Amino acid sequence: TCNKLTSNLLAGVDVVTDIMNNTENSSQIRLNAANQLFSVALRLNEQCELLARLEALERAEKERISNNE
């Protein structure tokens, strides 16, 4: 499921970007698209930061265990 979501992420960003950049759309539609893009980008950034921190903790724990053996 995650792989399918990830593989379609770029296409989704392209769709939202097209809506946001289409001057034929109303200002509200374009603003909603921009808001959606920012919202998703913020959540993705937060998740990437959390994943990096979790990986660092896991590495530190493995190293601690190795040093205690």
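This passage describes the packing of two helices in a predicted model, the pocket that they line, and the setting of three residues. In this predicted model, local features need pLDDT of at least 70 and side-chain atom pairs count only at pLDDT 80 or more, whereas totals for chains, interfaces and linings use all residues. Residues are numbered from 1 along each chain as its sequence is written, and side-chain values use heavy atoms, with hydrogens and water left out.

Two packed helices are described by the angle between their axes and the distance between the axes. The axes of α1 and α2 come within 7 Å and cross at roughly 150°, where axes are lines fitted to C-alpha atoms, for helices over the stretch in contact, and angles run from 0 to 180 degrees between N-to-C directions. Helices here are DSSP runs (H or I, at least four residues), numbered from the N terminus. On the α1 side, the contact (heavy atoms within 4.5 Å) is made by Leu 9, Val 13, Val 16, Thr 17, Ile 19, Met 20 and Asn 21, and on the α2 side by Ile 29, Arg 30, Ala 33, Ala 34, Leu 37 and Leu 44. By class, this contact has 10 nonpolar, 2 polar and 1 charged residues, with Ala, Val, Leu, Ile, Met, Phe, Trp, Tyr, Cys and Pro counted as nonpolar, Asp, Glu, Lys and Arg as charged, and the others, Gly among them, as polar.

Within helix α2, Ala 33 is buried, with a relative accessible area of 7% (buried means under 20%, exposed over 50%, and partly exposed in between, with a 1.4 Å probe and protein chains only). Leaving aside neighbours within four places in sequence, Ala 33 is in contact with Val 16, Ile 19 and Met 20. Leu 31, also placed in helix α2, is exposed at a relative accessible area of 53%, and its C-alpha atom is separated by 6.9 Å from that of Met 20, 11 residues apart along the chain. Asp 14 of helix α1 is partly exposed, with a relative accessible area of 40%; Asp 14 and Ala 33 are 19 residues apart in sequence and 11 Å apart in space, C-alpha to C-alpha.

The largest pocket holds about 260 Å³ of space. A pocket is an open set of points on a 1 Å grid over the protein atoms alone, where a 1.4 Å probe fits, with protein on both sides within 12 Å along at least five of seven lines, and lining residues have an atom within 4 Å of a point. Its lining includes Cys 2, Leu 5, Val 40 and Arg 43, and α1 gives the largest share, 5 residues. The lining residues divide into 5 nonpolar, 3 polar and 1 charged.

How values were computed:
Points joined across faces, edges and corners; volume = space filled by probe spheres on them.
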